[in-house]
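Biologist: I would like to learn how to read a strand and its neighbours in a model. Could we work through one case?

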Amino acid sequence: MCQHPSTKIMTELIQKQWADHSIHAAIVNEKSEIIAIGKTTVSQTNDPTAHAEINAIRSACELLKTDTLPPDYWLYSTFEPCPLCSSAVLWSGIDGVVYANDPRFRGSLPDWSFIKCRTMLEQGVDIHQVKLIENFMLDEIKDYFTRHEK
Ligand SMILES: [Zn+2]
């Protein structure tokens, strides 16, 4: 069983967000190695579903040539996964989610997590059971959106 959450993994994603100005997510394998990183590319790709988490899941599944990720794979994200991404977690067979920031600290942006990740995962338990760790390293990233508004 993996020992999550990992400060090392989340630190890497948070640093990428501060440097790259995009939410970042990673898929982590059973050895706690990052196998795929995604960032939000909605406007660059004209794809409203190209969220960081979706991009990371797509890359990981493409890499492993599978539509269901193996046991003990986790998703790390710098922001609470929205309903779209939370659904993708259920469909991809990811066993656990760790996220940092949440919509309390989104500044003037719309509330992407209009259905909480926790609610989505609880409602989807018949599809796949997913563990959830919320607000991990929140203090490292919660100022991001409010700082960029100025
Ligand atoms: Zn999303």
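**Reading a strand in its sheet**

Modeller: Start with one pair: in β3, Ser77 is the bridge partner of Ala25. Strands are DSSP runs of E with at least two residues, helices are runs of H or I with at least four residues, and both are numbered from the N terminus. Two strands pair if DSSP finds at least two bridges between them. This is a predicted model, where local features need pLDDT of at least 70 and side-chain atom pairs count only at pLDDT 80 or more, while totals for chains, interfaces and linings use all residues. Residues are numbered from 1 along each chain as its sequence is written.

Biologist: How many bridges join β1 to β3, and in which sense do they run?

Modeller: Four bridges join them, and the two strands run antiparallel; β3 covers residues 74–79. β1 is also joined to β2 (residues 34–39), by five bridges and again antiparallel. One pair there is His24 opposite Lys39 in β2.

Biologist: What lies between β1 and β2?

Modeller: Five residues, which makes the two strands a hairpin; Ser32 in the turn has a positive phi of about 65°.

Biologist: How do I read the two faces of β1, and are they covered or not?

Modeller: In a regular strand the side chains alternate between the two faces of the sheet. A residue is buried if 20 or more other C-beta atoms lie within 10 Å of its own, exposed if 12 or fewer, and partly exposed in between, with C-beta atoms placed from the backbone. In β1, His24, Ala26 and Val28 on one side are buried, as are Ala25 and Ile27 on the other. That agrees with the count for the strand, residues 24–28: five of its five residues are buried. For the protein chain, 37% of the 150 residues count as buried.

Biologist: What is the order of the strands in the sheet?

Modeller: The order is β2-β1-β3-β4-β5, in an open sheet of five strands with mixed pairing. β2 and β5 (131–133) are at the edges with a single partner strand each, so one side of each has no neighbour in the sheet.

Biologist: Where does a parallel pair occur?

Modeller: β3 and β4 (residues 96–101) pair in the parallel sense over five bridges. Within that pair, Tyr76 stands opposite Val98 in β4.

Biologist: Which elements does the protein chain have, and how do they follow one another?

Modeller: There are six helices and five strands. From the N terminus they run α-β-β-α-α-β-α-β-α-β-α.
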